[in-house]
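Please look through the structure below before reading on. The paragraphs that follow move from a single helix to contacts between aromatic rings and then to an annotated region.

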Amino acid sequence: MSEFLDLEAQDGVRMTWNVLPGTKQDAAACVIPAAAIYTPLKPIPDIPLLPYAPLRCRICRAVLSPFSVVDYTAKIWGCPFCFQRNHFPQHYFSISEENLPAELFPQYSTIEYASVADTSPIMPPVFMFVVDTCMIEEEIGYLKLALAQAVELLPEKALVGLITFGTFVQVHELGFGILPKSYVFKGTKEVTKEQILDQMGFFSGKKKPTVGVIAGSRDGLPAESISRFLLPASECEFVLNSVIEELQKDPWPVPADLRSSRCTGAALSVAAAILGVCVPGSGARIMAFVGGPSTEGPGAIVSKTLTDPIRSHKDLDKGSVPFFDKAVKFYEGLSKQLVHQGHVLDLFACALDQVGVAEMKVAIERTGGIVVLAESFGHAVFKDSLLRIFQSAEHDLGLCFNGIFEVNCSKDMKIQGILGPCASLEKKGPLCSDTVVGQGSTTAWKMCGLDRKTSLCLVFDIARQGGPEALGPPASNQFYFQFLTYYQHHDGRMRLRVTTLSRRWVAGPGNVEELTAGFDQEAAAAVMARLVSFKMENEDDFDPIRWLDRSLIRLCSKFGDYQKENPSSFTLSPRLSIFPQFIFNLRRSQFVQVFNNSPDETAYFRMVLDRENVASAVVMMQPSLIAYSFQSAAEPVLLDVTAIAVDRILLLDSYFTVVVFHGTSIAQWRNAGYHNQPEHAAFAQLLKAPRDDADAIIKERFPVPRLVICDQYGSQARFLLAKLNPSVTYNSSNPPPPGGDVIFTDDVSFEVFMDHLRRLAVQ
């Protein structure tokens with residue numbers, strides 16, 4: 001496993017198969033698709049930043065890399081992707097084996113270029129706050145405090161705008177400092193850019209151009225018009241803070257039997273239109289703070305009548321969701337507009353009820369937006385996550401904008417698509433596969449927003465056909481991949497990061513051991529989680545449990561060691577031995593078992609899964625469990641109900657929640673105050689250790705997880721019990737150990753699951 005982690009540290013890539021099946025038939029027999037999870041902006045120590053433009057192949061546009069074949073005498077380099085021979089330009093003529101440019105050093109398979117010729121003015125980032133006012137006074141108070149803190153942390157040069165909405169949409173003119181002034185739009189209709197230009201006086205006293213698209217100061221929009229609504233944070237801090245301080249609950253009366261009339265969709269469409277008019281193509285984020293369901297205008301998810309419940313998973317399955325399809329269609333249109341403008345939609349949804357994350361998912365995911373889901377604007381999950389976006393510390397997000405991601409690979413590989421926060425640029429070519437997964441039928445994608453942790457899952461198709469001639473000479477048994485990420489760095493300048501990889505392929509019947517040696521079971525589990533989530537959302541009548549089980553049985557039949565029809569003889573190589581456990585926990589996870597979760601929560605979990613790297617995805621599927629006791633130092637224990645003991649503290653990290661669980665004896669000693677007595681310093685240390693470890697986890701994670709501190713048999717112990725393997729249940733023959741616990745469930749345990757797997761794999 002460690003060699004896969006080393007490859008990830010060097011290039012930010014984890015592949016399911018690090019020795020690839022060489023033909024289409026071999027790939028189909030391997031069950032798990034050839035896929036890579038790539039973190040384009042992963043911080044890599046000592047990565048060289050080259051102050052010149054990259055050298056590209058004139059046929060396929062691939063960039064010069066350590067895998068290019070160089071003829072130093074003739075000053076020619078061969079492209080490993082299309083085999084074209086290219087001449088080096090004049091400024092490379094001093095090149096020799098002793099005098100190499102950085103991009104040919106074998107250790108620099110990932111490298112960055114910063115073009116010094118780029119003399120265009122640096123555009124500061126733009127933040128448009130879109131704030132819901134249909135909430136109780138207490139919630140508005142919490143939100144005002146959080147916004148005031150965020151405004152303080154904004155970069156000085158960052159442009160900022162403010163829109164508030166309830167029954168109507170109000171665009172605040174921050175550039176008019178004498179008294180508060182705002183433009184009001186009806187909440188029942190979408191707003192176009194043309195209406196914004198006409199109704200908000202962008203050309204007051206000036207002649208409006210009659211031809212062409214009006215977008216930004218370059219296309220004839222007066223700069224002073226833009227600065228009425230978008231001002232540098234340093235200039236409008238006082239006006240902005242005074243508007244935020246005076247925010248009131250939406251004044252329109254709400255009858256007792258109706259929901260507030262909240263026009264979220266109209267507000268977001270106004271925000272997108274203003275940014276499209278003022279700052280198209282420059283890094284901008286719409287940050288929406290929403291405290292309830294949208295009931296008015298485009299994108300509404302429920303009627304105003306309180307007797308009509310908000311849609312559940314059951315309603316979605318039955319198709320009895322009158323608002324859902326219309327709202328999704330509206331947000332799809334909004335996502336296309338935002339992707340075209342290069343802008344990001346972030347959502348902070350803080351309410352006990354659903355707010356419509358499931359409908360907005362398409363717009364947030366395709367623009368690379370951030371989503372935070374909490375119960376209240378006063379909750380630490382929201383407050384800490386919001387601050388983390390703007391704070392510049394060691395765990396800051398490093399927000400970047402306006403990315404374009406391109407893929408190049410050997411001609412025998414095809415790209416099915418990407419699962420992750422991006423949108424297809426519809427650049428079709430010979431590398432596109434006929435099978436489409438996620439954002440497919442293209443070799444280029446737009447990433448409006450990306451940060452240090454954003455990870456994409458690329459799914460490949462192996463196109464080589466089998467047959468005796470397919471085995472080929474051993475010299476050609478490499479597949480090459482090149483990932484190009486062109487993005488606006490947070491210093492405002494454009495950069496290009498290039499990662500070039502090569503992986504060996506094997507073909508023919510005797511290749512099982514070599515394939516197994518290159519199998520990365522953690523990456524495979526992360527890819528399966530993304531795939532099953534995608535299929536559940538996009539395929540009708542898809543049975544996720546059956547699909548996962550069949551995939552696992554076929555994988556074990558191909559790669560397991562066993563005698564036919566003899567389950568007790570079945571063994572798996574250490575390279576595959578944990579994979580069944582990952583699948584067992586994935587079947588029970590919130591990605592597959594949507595019972596007890598709302599559509600909003602499910603959409604939130606899947607969006608976070610789709611943007612995180614392999615290590616985070618594994619924790620979401622199979623939480624880590626650490627035990628603390630007097631007998632031993634902190635140690636990882638099996639995710640099993642037998643881990644519970646009266647004299648133990650358990651720390652569960654399930655990514656979205658971090659649970660500190662005290663056994664009954666520990667809880668009694670704590671309640672008696674023993675930890676405050678000097679003679680029980682060891683007990684105080686035992687109580688403190690898991691809290692310190694939990695704080696360390698919370699500090700480096702985004703969105704910030706919920707911290708649950710509970711005791712054995714307490715009501716919140718359910719957060720731990722729901723994740724444990726039910727090896728001891730209410731109806732099992734083996735009793736729990738003294739002071740242990742039982743789980744009241746009819747779920748199968750991991751042991752039973754493995755017995756069934758062995759029996760079916762050897763058939």
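**A helix and its buried residues**

In helix α9, the buried residues are Phe324, Ala327, Val328, Phe330, Tyr331, Leu334, Ser335, Leu338, Val339 and Gln341. These assignments, like every value below, come from a predicted model. An α-helix has 3.6 residues a turn, so residues three or four places apart point the same way. The length of α9 can also be checked. The helix covers residues 324–341, and its 18 residues should span 26 Å because each residue accounts for 1.5 Å. The C-alpha atoms at its ends are 26 Å apart, so expectation and model agree. After α9 comes Gly342, whose phi is positive, near 80°.

**Aromatic rings**

How many aromatic pairs does the structure hold? There are 35 aromatic pairs. One of them joins Phe405 and Phe483, with ring centres 6.0 Å apart. The planes of these two rings meet at 40°; because an angle that is neither under 30 degrees nor over 60 counts as tilted, the pair is classed as tilted. This pair connects distant parts of the chain: Phe405 belongs to strand β17 (residues 400–409) and Phe483 to strand β22 (residues 478–488), 78 residues apart. Are these two residues buried or exposed? Phe405 has 0% relative accessibility and therefore counts as buried. Phe483 is likewise buried, because its relative accessibility is 0%.

A further tilted pair is formed by Phe584 and Phe753, at 5.3 Å centre to centre and with 50° between the planes. Here the link runs between helices: Phe584 lies in α15 (residues 579–588) and Phe753 in α21 (residues 750–761), distant parts of the chain that are 169 residues apart. Residues under 20% relative accessible area count as buried. Phe584, at 2% relative accessibility, is therefore buried, and Phe753 is buried because its value is 9%.

Aromatic residues can also be grouped beyond pairs. Phe129, Phe289, Phe348, Phe377 and Phe382 form one aromatic cluster.

**Charges over rings**

Rings also meet charged side chains in this model. Lys181 lies over the face of Phe176, at 4.6 Å from the ring centre. The charged end of Lys558 is placed over the ring of Phe559, 5.6 Å from its centre.

**An annotated region**

Finally, an unreviewed UniProt entry places the feature "domain: Gelsolin-like" at residues 634–720. Over residues 634–720, the chain is 36% helix and 22% strand. The C-alpha atoms at the two ends of this stretch are 18 Å apart.

Definitions and conventions. Residues are numbered from 1 along each chain as its sequence is written. This is a predicted model: local features need pLDDT of at least 70, side-chain atom pairs count only at pLDDT 80 or more; totals for chains, interfaces and linings use all residues. Side-chain values use heavy atoms; hydrogens and water are left out. UniProt positions are given in the numbering used here, feature names are shortened, and annotations may be inferred rather than shown by experiment. Helices (H or I, at least four residues) and strands (E, at least two) are DSSP runs, numbered from the N terminus. The expected span of a helix is 1.5 Å times one less than its number of residues. Buried means under 20% relative accessible area, exposed over 50%, partly exposed in between (1.4 Å probe, protein chains only). Rings of Phe, Tyr and Trp (its six-membered ring) pair if their centres lie within 6.5 Å; planes under 30 degrees apart count as stacked, over 60 as edge-to-face and the rest as tilted. A charge sits over a ring if NZ of Lys or CZ of Arg is within 6 Å of the ring centre and within 35 degrees of the ring normal.
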